[in-house]
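Trainee: Could you take a close look at one part with me? I would like to understand the salt bridges.

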Amino acid sequence: MDASARTAGIASLPMADDDVRGEIRQLELEWMEAHQQRDAERLEAIVADGFRFTAIHLNPEPMAREQWMGAALGGYRITSFSFESMDIDVFGDTAVVHSRFSQIASYIVDLSNVFRVTDIWARRDERWQVVARHSSILG
């Protein structure tokens, strides 16, 4: 077996991961746009059953999917948002997103701030869904 045959599969892996990173980056934007627009159908498709949201500044206990969806489709209003940076690590059918995220938003109180956010995505049945988010205030 020559060297090119031995490395053919290895050479294609980074490209596959780059494709996944692009897909996850797009899904992150679509998720926050769906939240901003209160698009229940899109949120249902993106946010996995069993999703958990942790934000110590809001509540020391993680929020279940139903609680998060209720807030996202109810009183949590995002006026604008921006991913200031985003790094994506891919581990097979799991992707971990580390981002710096800013928003102008409110939910009973003003939630406008800059955050360090970690999102976990899982590929199930050939599609990606977010399964967890942890958010910490930076500013």
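To get my bearings before we zoom in, how many helices and strands does the protein have?

Mentor: Happy to help! This is a predicted model, and the protein in it has 3 helices and 7 strands. Along the sequence they come in the order α-α-β-β-α-β-β-β-β-β. Now to the salt bridges: a search of the whole structure turns up 8 of them.

Let's start with R133 and E28, whose side chains meet with an N to O distance of 3.5 Å. R133 sits in strand β7 (residues 127-137) and E28 in helix α1 (residues 3-37), so this pair links distant parts of the chain, 105 residues apart. Both ends are worth checking for burial, where the cut-off is under 20% relative accessible area. R133 counts as buried because its relative accessibility is 8%, and E28 counts as buried at 0%.

Next, find E84 and R100, which form a salt bridge at 2.7 Å, N to O. E84 belongs to strand β3 (residues 77-91) and R100 to strand β4 (residues 94-107), 16 residues apart. Here E84 is partly exposed at 43% relative accessibility, and R100 is partly exposed at 31%.

Then look at D93 and R123, where the N to O distance is 2.9 Å. D93 lies in the loop between β3 and β4, while R123 is in strand β6 (residues 113-124), so their salt bridge ties together parts 30 residues apart in sequence. D93 is partly exposed at 43%, as is R123 at 28%.

Finally, return to E28 and R133: together with D119, they are joined into one network by salt bridges that share partners.

Key. Residues are numbered from 1 along each chain as its sequence is written. This is a predicted model: local features need pLDDT of at least 70, side-chain atom pairs count only at pLDDT 80 or more; totals for chains, interfaces and linings use all residues. Side-chain values use heavy atoms; hydrogens and water are left out. Helices (H or I, at least four residues) and strands (E, at least two) are DSSP runs, numbered from the N terminus. A salt bridge is a side-chain nitrogen of Lys or Arg within 4 Å of a carboxyl oxygen of Asp or Glu. Buried means under 20% relative accessible area, exposed over 50%, partly exposed in between (1.4 Å probe, protein chains only).
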